[in-house]
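Here is a short tour in questions and answers. Keep the model in view as you read.

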Amino acid sequence: MDPAVDPALDPERTKSPRRSMCAAVLTLEAIAVGLSTPVMITLSDVDPALALSLGLGLALLCVLVAGALRRPQAYLLGHLLQPAAIALGLLAPLMYFVGGVFAVLWITAWRLGAKIERERAEAFAEYDRRRESGE
């Protein structure tokens, strides 16, 4: 069936701006957290095994959660990753700042994405109403 005939089949209506924005934040956060690993080892004299497990482990979690954002529960995991990234500041003090920046970006993407989704749904509903009434 043609998407113009059946709006439910229109792929534009199923795109999630929130998912895209949050996945982008988590992907960039994974890179930043992963790059904190050598910083922890060289500048902060953290045990390499601890730095590798925490830094790369958290980076891997960011990537996995970014890929799982099709499920609503993944957003909760994304929220939980933010304090974990900030807590890396205990080992590399710069991560207090970097983790905080990503936490702000995460919350902004989550809220703004939800707002865009709401407004898109309203706009599509208005479009459908006008189309059905012949306006």
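Q: Which helices are included in what covers the buried residues of α3?
A: This is a predicted model, in which local features need pLDDT of at least 70, side-chain atom pairs count only at pLDDT 80 or more, and totals for chains, interfaces and linings use all residues. Residues are numbered from 1 along each chain as its sequence is written, and side-chain values use heavy atoms, leaving out hydrogens and water. Helices are DSSP runs (H or I, at least four residues), numbered from the N terminus, and contact means heavy atoms within 4.5 Å. The cover over the buried residues of α3 includes α2 (17–42) and α4 (72–87).

Q: Why do the buried residues of α3 lie on the same side?
A: Buried means under 20% relative accessible area, exposed over 50%, and partly exposed in between (1.4 Å probe, protein chains only). The buried residues of α3 are Ala-51, Gly-55, Leu-58, Ala-59, Cys-62, Val-65 and Ala-66. The arc uses the directions from the helix axis to the C-beta atoms. They sit on the same side of α3 because they cover an arc of only 130°.

Q: Which residues are exposed on the other side of α3?
A: The buried residues of α3 include Leu-58 and Val-65. On the other side of α3, the exposed residues are Ala-49, Leu-64 and Gly-67.

Q: Is Asp-45 buried or exposed?
A: Asp-45 lies in the loop between α2 and α3. Its phi is near 50°, a positive value in a residue other than glycine. With a relative accessible area of 66%, Asp-45 is exposed.

Q: How many residues apart in sequence are the parts tied together by Glu-117 and Arg-18?
A: A salt bridge puts a side-chain nitrogen of Lys or Arg within 4 Å of a carboxyl oxygen of Asp or Glu. The side chains of Glu-117 and Arg-18 meet in one, at 3.4 Å from N to O. Glu-117 lies in helix α5 and Arg-18 in helix α2, so the pair ties together parts that are 99 residues apart.

Q: Which residues do salt bridges with shared partners join into one network?
A: Glu-126 forms a salt bridge with Arg-129, with the closest N and O atoms 2.7 Å apart. Glu-126 also forms a salt bridge with Arg-130, at 2.8 Å between the closest N and O atoms. Through shared partners, the network joins Glu-126, Arg-129 and Arg-130.

Methods
Helices (H or I, at least four residues) and strands (E, at least two) are DSSP runs, numbered from the N terminus.
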